[in-house]
Amino acid sequence: MPGSNDSLAAKDVHFQLHSYADARAHEEKGPLIIERGDGVFVIDEQGNRYLEAMAGLWSVALGFSERRLVDAACRQLQTLPFYHTFGHKSHPSSIALAERLIELAPVPMSKVYFTNSGSEANDVLIKLIWYRNNAIGEARRKKIISHVGGYHGVTGLSGSLTGLASVHTGFDLPLPGFLHVTTPHFYRQGRPGENEEQFAERLALELEELIQREGPETIAAFIAEPLMGAGGVIVPPPTYWARVQQVCRRHEVLIVADEVISGFGRTGKRFGCETFGIAPDAMILSKQLSSSYQPIAAVLINEKLYAAIADHSHALGVLGTGFTGSGHPVASAVALANINIVECEHLTEHAAEMGQRLLAGLHRLSDSPLIGQVRGCGLIAGIELVSDKTTRAPSNGVGRLGKYFTDRAQRNGLIVRAIGDTIALCPPLIINVEEVDLLLARFQRSLGETLDWLRSEGA
Ligand code: PMP
């Protein structure tokens, strides 16, 4: 049948995988084909129902069947399906969304620049920072600092910002001028006898020394996630951000918060910046911005950045950077409807409450010999699996426990993500009490099965 050939071909050519996935197993089994969504659940082509505990890619705040977002898209498609924002033109839905983002920003922001993805947003922001530094006569200030393990995207510049070998290897990344500092991961990076505050202090000193070594006049910005997502759900020590910001301010290094995962209620406050006390010069937003029903991301910059950029572009005659889809009317309309639902239905407060229930449930499981650490904040959690709690050792190589657990969980109707041996949970914000309990029950069952497997191996 031609139809089935077509769909087979589609499966075969669809090879885009993140490095966490086991490529060989993928080739043998083929991908899980998800056909439909229903609230926090997704349904595969065989009719199996899964609780989607990763909200897709950390992004589907409103779940997989929110009619009001579909309606917003249809209304916009019927009114103005496309217009652009080049050459002094704009359209109402992009303007309304920009105004709403400025209104909601945790610190005064001046302007919004839209892109189609988080990667592009980081890419453009780096260019805007370089442009601004040229404008203010600081042409040497171009280096960018981010975290080892931080995730910021995969384009040339955003991939350089990302601190993961899997994004660099084979692609000649990172580009020169991108520097990475230690992951604020106390469980793995803390030294014997060191407490969390001393650990944070050591990392602040590391940043200070790096800036001094490179020359403060060459460092443009520190760009980081308030809490790290794709690097393993890493919650920094409570004093970390205050100390890091002091160092940056002292050297006039711009502070950028990549809120692509942490924005719009995920950490139990509207933005991760509020949870962690960050006052950024610029922010990157995406994912929960539109619940990923439409691709859209936003760069927010403060007046200090904007004023210099505007002057420079007037002098040059153009700001030569923009995408056909920047501020796309349909994506903007969906994002605006999405944010209004998150706000009006108090989903941030709901996420804080559900997050507490989820984390309490996970902590109750942490007697398991497999759980090294449970960490999280709001409705995002990381459970680091180990085969020996004292040495914190993985089982025969990093990633084996994580992979086995993820496979079991999938069989038990639970979609999670393994980042090495850390199991990430990031369910839709709309998850309710019964669904949190179901998630925990399926998690516990998968944990028990993983332990049985490990024991049966005699490991
Ligand atoms: N920043 C962060 C913090 C992210 O988690 C991601 C995606 N996981 C990105 C940027 C890149 O976004 P995109 O995949 O839309 O390019």
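In which helix is S94 found? In this predicted model, S94 belongs to helix α5, and this residue makes a good starting point for a short tour. S94 counts as buried because its relative accessible area is 5%, under the 20% that marks the limit for a buried residue. Leaving aside residues up to four places away in sequence, S94 touches T85, F114, G327 and S332.

The view can now widen to the helix itself. Helix α5 is made of 13 residues, from 92 to 104. From its first C-alpha to its last, α5 reaches 18 Å, close to the 18 Å expected at 1.5 Å a residue. Its buried residues are S93, S94, L97, A98, R100, L101 and L104. These buried residues lie on the same side of α5, because they cover an arc of only 165 degrees around the axis. The face turned away from that buried side carries the exposed residues P92, E99 and E103.

What, then, covers the buried residues of α5? The cover includes two helices, α4 (67-79) and α14 (329-344). It also includes the strands β4 (111-115), β9 (282-285) and β10 (297-301).

Helix α5 also takes part in a pocket. The second largest pocket of the model has a volume of about 1000 Å³. Of the 27 residues that line this pocket, the closest to its centre are T85, V112, Y113, Y306 and L319. T85 is thus a lining residue as well as one of the residues touched by S94. At least two residues of the lining come from each of α5, β4 and α13 (303-316). Which element gives the most to the lining of this pocket? That element is α13, with five residues. Sorted by class, the lining has 13 nonpolar, twelve polar and two charged residues.

Another helix to look at is α11, which spans residues 240-250. Its buried residues are Y240, W241, R243, V244, Q245, V247 and C248. Which elements do they pack against? Their partners are the strands β5 (143-147), β7 (219-224) and β8 (254-258), together with the helices α10 (196-214) and α12 (272-276). Just after α11 comes a detail of the backbone worth finding in the structure: E252 takes a positive phi of about 55 degrees.

Definitions and conventions. Residues are numbered from 1 along each chain as its sequence is written. This is a predicted model: local features need pLDDT of at least 70, side-chain atom pairs count only at pLDDT 80 or more; totals for chains, interfaces and linings use all residues. Side-chain values use heavy atoms; hydrogens and water are left out. Helices (H or I, at least four residues) and strands (E, at least two) are DSSP runs, numbered from the N terminus. The expected span of a helix is 1.5 Å times one less than its number of residues. Buried means under 20% relative accessible area, exposed over 50%, partly exposed in between (1.4 Å probe, protein chains only). The arc is that of the directions from the helix axis to the C-beta atoms. Contact means heavy atoms within 4.5 Å. On a 1 Å grid over the protein atoms alone, a cavity is a set of points where a 1.4 Å probe fits but cannot get out, and a pocket is an open set with protein on both sides within 12 Å along at least five of seven lines; lining residues have an atom within 4 Å of a point. Grid points are joined across faces, edges and corners, and a volume is the space filled by probe spheres set on the points. Ala, Val, Leu, Ile, Met, Phe, Trp, Tyr, Cys and Pro count as nonpolar, Asp, Glu, Lys and Arg as charged, and the others, Gly among them, as polar.
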